[in-house]
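Me: Could you take a close look with me at one part of this protein, the open sheet of four strands? I'd like to see how its strands pair, and then how that part sits beside the rest of the chain.

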Amino acid sequence: MVLSRRDDAACAPGQHLDWLRDELAELTQSDLLRRRRTFAKSQSVELQLDGQTRINFGSNDYLSLAGHPALRAAAHRALDEQGVGAGASPLLAGRADLQRQLERRLAQFEEAEAALLFTSGYAANVGAITSLVGRGDAVYSDSHNHASIIDGCRLSRAQVFVYPHNDLDALEQSLEQGGGFRRKLIVSDSLFSMDGDFAPLETLLPLAQRYGAMTMLDEAHATGVVGPGGRGYAAACGLLQQVDVRVGTLSKALGASGGFVAGRRELIDWLVNRARTYIFSTAAPPSIAAATLAALDLLDHDPTRGPTVQDKAQALRQRLEAAGWNVGASRSHIIPLILGDARRTLDLSDQLWQADMYVPAIRPPSVAAGQSRLRISVCYGHTLEMLDSLASALGA
Ligand SMILES: Cc1ncc(COP(=O)(O)O)c(C=O)c1O
């Protein structure tokens with residue numbers, strides 16, 4: 001006999017998600033609800049958002065390449081010749097010749113033996129970490145690392161040690177404690193995405209060496225825009241060869257989309273065989289590789305773009321600091337204005353919006369509670385007038 005069961009938890013079809021209404025109301029109440037704006041035309045320093053034109057200080061298109069004619073033309077050619085989708089995972093359908101060329105080019109760029117393309121920087125981080133450490137291993141991660149690193153650490157099933165931001169004494173204490181691990185991995189952003197400051201590589205890399213730990217550096221916000229020829233912060237410090245696993249994105253300064261890992265040939269062979277975000281996901285469209293190759297050509301021909309961005313950012317930062325804004329430890333093209341309170345941050349973002357500027361408000365969980373901020377990203381295409389308008393609107 002089948003008994004029909006009803007208990008207190010049972011509810012009518014269609015009502016199982018009613019709890020979401022309360023959760024969303026709670027987010028609204030605490031000024032943490034996110035909503036999306038819609039942009040028209042390409043990413044650039046002038047953006048049409050929700051039908052209104054604004055100066056864009058919210059993009060990671062640091063070199064202003066996303067809408068560049070050379071990238072568009074390269075992508076168009078690839079679309080005409082190779083179509084839109086890649087068809088399947090690279091292990092099933094193969095990688096496009098353009099992707100093979102790009103992997104070689106990125107390996108040269110990173111002065112590494114080999115490189116591997118992922119569909120996003122997020123996938124690169126998760127795929128790399130989960131392939132390198134597992135049960136019985138330890139991973140050491142900066143508290144301000146990007147969510148994709150945090151998720152990679154969690155998914156890896158290794159023991160995770162989170163050290164306070166850039167606090168290498170705390171990192172060393174954890175390394176000292178940790179006995180008996182099969183493998184150790186230290187992972188850090190090179191340029192922190194919400195703070196605009198850098199990891200102390202000169203101390204961190206020798207520390208890793210002393211404790212026999214592998215090192216992984218995420219250069220997502222530095223690739224293309226920091227260091228000699230845009231080779232990133234480790235290259236700027238002359239330490240590229242000391243980083244075992246180098247991660248970069250194509251999605252930000254290079255104006256395209258996707259991520260990569262570069263390093264020893266065995267590392268890449270291992271990731272091809274183990275990284276689930278590579279193996280079980282359709283490859284990126286070949287047109288993306290074509291656009292990225294065009295971006296790298298542009299960087300080769302005009303290496304001044306990155307330094308120009310840094311100069312503009314430094315001038316703006318100095319002005320804002322002089323006017324009393326808390327820009328934290330920023331030393332790059334990412335400048336936070338740390339306000340603390342989520343409501344105040346939203347209000348200031350709205351005021352700037354009314355003054356024709358888009359500066360996104362960053363709130364928890366993107367930053368810790370009480371650390372809400374505006375995040376200004378300075379890009380190559382920002383004119384001095386645009387930067388001046390922002391500074392003036394902020395009373396600087
Ligand atoms: C430090 C860092 N790593 C990785 C990523 C992810 O890169 P992607 O946007 O290509 O997935 C981001 C994205 O913002 C990031 O800030």
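Reply: Happy to help; here is the sheet, followed by some other strands and the chain as a whole.

A word on the source: this is a predicted model, in which local features need pLDDT of at least 70 and side-chain atom pairs count only at pLDDT 80 or more, while totals for chains, interfaces and linings use all residues. Residues are numbered from 1 along each chain as its sequence is written, and side-chain values use heavy atoms, with hydrogens and water left out.

The open sheet has four strands in the order β1-β2-β3-β12, with mixed pairing. Strands here are DSSP runs of E with at least two residues, helices are runs of H or I with at least four, and both are numbered from the N terminus. Two strands pair if DSSP finds at least two bridges between them. At the edges lie β1 (39–40) and β12 (357–358), each of which pairs on one side only.

Now to the pairing inside the sheet. Strand β2 (residues 46–49) runs antiparallel to strand β3 (residues 52–56), and four bridges join them. Among the bridge partners, E46 goes with I55 of β3, and Q48 goes with T53 of β3. The hairpin of β2 and β3 has two residues between the strands, and D50 takes a positive phi there, near 50 degrees. On to β12: two bridges join this strand to β3, and the two run parallel. The bridge partner of N56 in β12 is Y358.

Elsewhere in the chain, strand β11 (residues 334–340) is mostly covered, with seven of its seven residues buried. Buried means under 20% relative accessible area, exposed means over 50%, and partly exposed lies in between (1.4 Å probe, protein chains only). Both faces of β11 are covered: one side has I334, P336, I338 and G340, the other has I335, L337 and L339, and all are buried. Strand β11 is joined by six bridges to strand β14 (residues 372–377) in an antiparallel run, and I335 has I376 of β14 as its bridge partner.

Two single residues are also worth finding on your screen. S188 is part of strand β7 (residues 184–189), and this residue counts as buried because its relative accessibility is 1%. The contacts of S188, leaving out residues up to four places away in sequence, include D142, Y163, M216 and L217; contact means heavy atoms within 4.5 Å. R246 belongs to strand β9 (residues 245–249) and also counts as buried, at 5% relative accessibility. Beyond four places away in sequence, R246 touches residues including E110, E111, L217 and F260. The C-alpha atom of R246 is 47 Å from that of Q15, which is 231 residues away along the chain.

Finally, the whole chain. The protein has 15 helices and 14 strands, and 50% of its 396 residues count as buried. Its radius of gyration, 22 Å, agrees with the value near 21 Å for a compact globule of 396 residues (taken over C-alpha atoms; the globule rule is 2.2 Å times the number of residues to the power 0.38). Among contacts with a separation of 6 or more, 70% come from residues 24 or more positions apart. Along the principal axes, the C-alpha atoms fill a box of roughly 65 × 60 × 55 Å.
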